[in-house]
Amino acid sequence: QVQLVESGGGLVQAGGSLRLSCAASGRTFRSVAMGWFRQAPGKEREFVASITWSRGSTAYTDSVKGRFAISRDNAKNTVYLQMNSLKPEDTAVYYCASRSIGGDFEGGSWGQGTQVTVSS
């Protein structure tokens, strides 16, 4: 199993920035990709961004393209989500997740989540 711990959430005004971190430990060799997801009150959890450990290939949901950037530090087993130009609709609990070879994020490891609140 891979253990994940998120940090970096908080309260920020619209237009501001935050950087989330997700530190992985345990059987990290099983992980091939990391993802960020979010869940707003009353809404389903949605995909935000993902990155592969090996090549650093990234993917984003349309609503964050150009504003968010996912990156990784392989030496630290840590993934980051730089969030710029934040909007009130970005308010949610943000979770990081790990995906193993042949698996998907839903069946992988998840962190406890970190709250991001964007005030208007």
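## Working through a loop and a core

Asparagine 77 sits in the loop between β7 and β8; strands (E, at least two residues) and helices (H or I, at least four) are DSSP runs, numbered from the N terminus. This is a predicted model, where local features need pLDDT of at least 70, side-chain atom pairs count only at pLDDT 80 or more, and totals for chains, interfaces and linings use all residues. Residues are numbered from 1 along each chain as its sequence is written, and side-chain values use heavy atoms, with hydrogens and water left out.

**Exercise 1.** Work out the sign of phi and the exposure class for asparagine 77.

- Start with the backbone: asparagine 77 isn't a glycine, yet its phi is positive, about 50°.
- Then exposure: 25% relative accessibility makes asparagine 77 partly exposed, since buried is under 20% relative accessible area, exposed is over 50% and partly exposed is in between (1.4 Å probe, protein chains only).

**Exercise 2.** Do likewise for serine 85, after placing it.

- Location: serine 85 is in the loop between β8 and β9.
- Backbone: its phi is positive too, about 50°, though serine 85 is no glycine.
- Exposure: serine 85 is partly exposed because its relative accessibility is 41%.

**Exercise 3.** Find which residues of the largest nonpolar core touch the most other members.

- A nonpolar core is a set of buried Ala, Val, Leu, Ile, Met, Phe, Trp, Tyr and Cys residues joined through side-chain atoms within 4.5 Å.
- Of its 26 residues, the answer is Trp36, Val48, Phe68, Leu81, Met83 and Tyr94.
- As for strands, β3 gives the most to this core, with 4 residues.
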